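Here is a short report on how one chain packs its interior. Look over the sequence and the fold before reading on.

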Amino acid sequence: GKTIQLLPLFLVPVVIGYNLPNAVGSLVLSPELLASIWAGDVTMWNDTAIAALNGGLNLPGKPIRVLARSGDSGATSIFTAALTKLSPRWSSSGFGSFSTQQGFAASRVNITLCKD
């Protein structure tokens with residue numbers, strides 16, 4: 001018989017935000033590097049893995065602060081599914097979801113912390 005086709009009814013953009021006020025240029029982060037940041041393996045902006053992808057970019061010797069939504073959401077599911085599919089580091093880690101150091105429920109808190 002009949003087949004059922006699933007069609008997406010909406011799209012959810014997932015964006016990685018960062019605040020590097022003195023960096024001139026665009027920051028490049030690979031899926032593997034993103035997974036390493038979220039897993040806590042890469043913790044400083046001037047890490048050699050970030051510098052290797054961003055030659056010439058002025059990267060500060062400051063810690064990376066990972067901010068993530070504390071509750072479940074569609075965007076969280078999409079992002080972790082993408083990390084699982086695109087990054088051997090993430091998929092082999094067993095995380096399955098965020099390994100967050102800090103989870104925040106309020107957008108105002110996220111905005112305030114991103115300004116620092």
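Which residues is Ile-64 in contact with, leaving aside its neighbours within four places in sequence? In this predicted model, the partners of Ile-64 are Ile-37, Val-42, Thr-43, Met-44, Trp-45 and Ile-50.

**The core.** The largest nonpolar core has 18 residues. Leu-27, Ile-37, Trp-38, Ile-50 and Ile-64 touch the most other members. Helices H1 and H3 each supply at least two residues of this core. H1 gives the most, with five residues.

**Ile-50.** This residue lies in helix H2. Ile-50 has 0% relative accessibility, so it counts as buried. Not counting residues up to four places away in sequence, Ile-50 touches Leu-27, Leu-29, Leu-33, Ile-37, Val-42, Met-44, Trp-45, Leu-59 and Ile-64. Ser-30 is 20 residues from Ile-50 in sequence, and their C-alpha atoms are 9.0 Å apart.

The helices are placed as follows.

| Helix | Residues |
|---|---|
| H1 | residues 31-39 |
| H2 | residues 48-53 |
| H3 | residues 74-86 |

**Helix H3.** How far apart are the end C-alpha atoms of H3? They are 18 Å apart, which agrees with the 18 Å expected for 13 residues at 1.5 Å a residue. Thr-76, Phe-79, Thr-80 and Leu-83 are buried in H3. These four cover an arc of only 90 degrees around the axis, so they sit on the same side of H3. An α-helix has 3.6 residues a turn, so residues three or four places apart point the same way. The face of H3 turned away from the buried side carries Lys-85 and Leu-86, both exposed.

Methods: Residues are numbered from 1 along each chain as its sequence is written. This is a predicted model: local features need pLDDT of at least 70, side-chain atom pairs count only at pLDDT 80 or more; totals for chains, interfaces and linings use all residues. Side-chain values use heavy atoms; hydrogens and water are left out. A nonpolar core is a set of buried Ala, Val, Leu, Ile, Met, Phe, Trp, Tyr and Cys residues joined through side-chain atoms within 4.5 Å. Buried means under 20% relative accessible area, exposed over 50%, partly exposed in between (1.4 Å probe, protein chains only). Contact means heavy atoms within 4.5 Å. The expected span of a helix is 1.5 Å times one less than its number of residues. The arc is that of the directions from the helix axis to the C-beta atoms.
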